[in-house]
Amino acid sequence: MTAPEGSARTLPEDLERDTFDALVIRTDFGDDAAWDAVTGELRQPWGPEGEFPSAFQVIDAPAWAGATADEVLAAVGGDEYLSVVFLADAHTMRSPVRALLALTTLWEDETGLDPVYYQELIDSPQPRDFRTVPGAVHGIHVNLTLGNMDFAEFATSAATEPDRTLRPF
């Protein structure tokens with residue numbers, strides 16, 4: 001599926017996202033009930049005892065229907081304060097836990113690196129994405145924003161789960 005004719009996959013100009021607001025982009029529009037479940041979970045307070053209010057911005061526009069990870073990354077690349085973006089894609093809508101796709105915006109293509117200096121990075125590139133339940137989105141975003149953890153740590157944790165989906169920690 002591609003964006004409807006005459007529409008563009010760009011961030012809204014009036015998007016006033018605070019640094020600590022997670023950004024969630026809906027790319028699948030086939031199941032409104034599933035989407036409502038995702039946003040309902042995102043609205044829940046988070047933290048060890050639910051002491052922090054949720055903080056997120058949603059882009060829920062048909063222009064994003066079927067957008068690929070690369071298209072999303074190209075659109076959000078200009079936000080220097082955004083280190084991760086979350087996609088509500090077809091997998092999210094079919095998943096019983098509503099697993100969003102977390103994408104790092106800091107990912108780099110290793111194909112142009114000089115192997116003399118960067119062979120280890122070329123052989124073992126950093127992960128670019130992983131799945132997470134909506135209840136973990138805020139903790140991931142805040143910890144990445146503060147530099148408490150890096151994206152690879154979250155991706156590694158997700159990879160150890162039986163369904164490869166990160167839960168709140």
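Let's start at Arg 128, which is buried, with a relative accessible area of 18%; here buried means under 20% relative accessible area, exposed means over 50%, and partly exposed covers what lies in between, using a 1.4 Å probe and protein chains only. Please keep in mind that this is a predicted model, in which local features need pLDDT of at least 70 and side-chain atom pairs count only at pLDDT 80 or more, while totals for chains, interfaces and linings use all residues. Residues are numbered from 1 along each chain as its sequence is written, and side-chain values use heavy atoms, with hydrogens and water left out.

The side chain of Arg 128 meets that of Asp 70 in a salt bridge, at 2.5 Å from N to O. Arg 128 sits in the loop between α4 (115-123) and β5 (129-132) and Asp 70 in helix α2 (residues 69-76), so the pair ties together parts that are 58 residues apart in sequence. A salt bridge here is a side-chain nitrogen of Lys or Arg within 4 Å of a carboxyl oxygen of Asp or Glu, and helices (H or I, at least four residues) and strands (E, at least two) are DSSP runs, numbered from the N terminus. Asp 70 itself is partly exposed, with a relative accessible area of 47%.

Next to Asp 70 in this helix, we can look at Ala 69, also found in α2. At 16% relative accessibility, Ala 69 counts as buried. Leaving aside residues up to four places away in sequence, Ala 69 touches Leu 87, Leu 103 and Arg 128, where contact means heavy atoms within 4.5 Å.

A search of the whole structure finds six salt bridges. One of them joins Arg 131 to Asp 89, with the closest N and O atoms 2.8 Å apart. Arg 131 lies in strand β5 and Asp 89 in the loop between β3 (84-88) and α3 (90-94), so this pair ties together parts that are 42 residues apart in sequence. Both partners, Arg 131 and Asp 89, are buried. Asp 163 pairs with Arg 167 in a further salt bridge, the closest N and O atoms being 2.9 Å apart. Here Asp 163 is partly exposed at 37% relative accessibility, and Arg 167 is partly exposed at 30%. Salt bridges also link Arg 26, Asp 32 and Asp 60 in a network.

Thr 27 is a good place to turn to next, in the loop between β1 (22-26) and α1 (32-42). Thr 27 is buried, with a relative accessible area of 7%. Among the residues that Thr 27 touches, not counting those up to four places away in sequence, are Trp 64, Leu 87 and Asp 89.

Now follow the chain into α1, whose buried residues are Ala 34, Trp 35, Val 38, Thr 39 and Leu 42. They cover an arc of only 135° around the axis, which puts them on the same side of α1; the arc is that of the directions from the helix axis to the C-beta atoms. On the other side of α1, Ala 33 and Asp 36 are exposed. The buried residues pack against β1, β2 (56-59), β3, α3, β4 and α5.

Helix α6 (residues 151-159) can be read in a similar way, with Phe 151, Ala 152, Phe 154, Ala 155 and Ala 158 as its buried residues. They cover an arc of only 160° around the axis, which puts them on the same side of α6. Their cover includes β3, β4 (100-104), β5, α5 (137-146) and β6 (165-166).
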